[in-house]
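Visitor: Pick one part of this model and give me a close look at it.

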Amino acid sequence: MQRRTVTKTLCCALFATLIASTSAFARQDKQSRPSPPEQATVSLGGHTVTIDYSAPSMRGRKIFGGLVPYDKEWRTGANEATTIKSDVNLRIGNLGVPAGTHTLYSIPGENGWTLIVNNQTGQWGTVYDQLKDLGRVKMSEGAMPSSPVETFQIKFEDTKDLSTELHLQWETTNVYVQVTAVP
């Protein structure tokens, strides 16, 4: 009887060690990807908005209208789908977004960009289901970067109390949309 208890205890300890090491390896593995994980966070009136994404780099490639085609849904980053998480309801452009986790896709265009807020979560970035769109909003063009942005960035800028601008910057592109917390 004692032998079974010892065996079960050893198996449980081994299993726990395996899970912990696998989790640590997965985190380390993501950091070593060509498009590593990044995060943009902002506080709006004491409420937190966080965007998790993977940041690809140009590496000498033509990005928009090349690697990322115009007028097609794009995962807005690389690897897993980009997520936005908020503990407060938001207004993104003219779209009401309930508190929680959603994914962000976009449609780059030569004559304007569209941001897509989607309710599907946990998927690889190329798995896009339009039927799960919460909605789409037009983005505005920001100031052109003075030199090409090598690595894709999502940033919050011009933050004031309950509102901020959500910027997507890469290559020679800077587009943004207004984000407001709706407590």
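Visitor: Before we zoom in, what area does the chain expose, and what percentage of it do carbon and sulfur atoms supply? Then take me to tryptophan 170.

Guide: The chain exposes about 10,300 Å², with 54% supplied by carbon and sulfur atoms (Shrake-Rupley areas, 1.4 Å probe, only the protein chains shown counting as cover for residues). Keep in mind that this is a predicted model: local features need pLDDT of at least 70, side-chain atom pairs need 80 or more, and totals for chains, interfaces and linings use all residues. Residues are numbered from 1 along each chain as its sequence is written, and side-chain values use heavy atoms, leaving out hydrogens and water.

Now, tryptophan 170 sits in strand S10, residues 163-171 (strands are DSSP runs of E, at least two residues, numbered from the N terminus). Tryptophan 170 is buried, as is tryptophan 74 (under 20% relative accessible area, 1.4 Å probe, protein chains only). Beyond four places in sequence, its contacts (heavy atoms within 4.5 Å) include Pro56, Met58, Leu67, Val149 and Thr151.

The structure has nine aromatic pairs (Phe, Tyr or Trp ring centres within 6.5 Å, using Trp's six-membered ring; stacked means planes under 30 degrees apart). Tryptophan 170 stacks with tryptophan 74, 6.0 Å centre to centre and 15° between the planes. That partner lies 96 residues away, in the loop between strands S2 and S3. Both belong to one aromatic cluster with Tyr53, Phe64, Trp113 and Phe152.

Trp170 is also among the residues with the most contacts inside the largest nonpolar core, which has 34 residues (buried Ala, Val, Leu, Ile, Met, Phe, Trp, Tyr and Cys joined through side-chain atoms within 4.5 Å). Strand S11, residues 173-181, gives the most to this core, with four residues.

Methods. Buried means under 20% relative accessible area, exposed over 50%, partly exposed in between (1.4 Å probe, protein chains only). Rings of Phe, Tyr and Trp (its six-membered ring) pair if their centres lie within 6.5 Å; planes under 30 degrees apart count as stacked, over 60 as edge-to-face and the rest as tilted.
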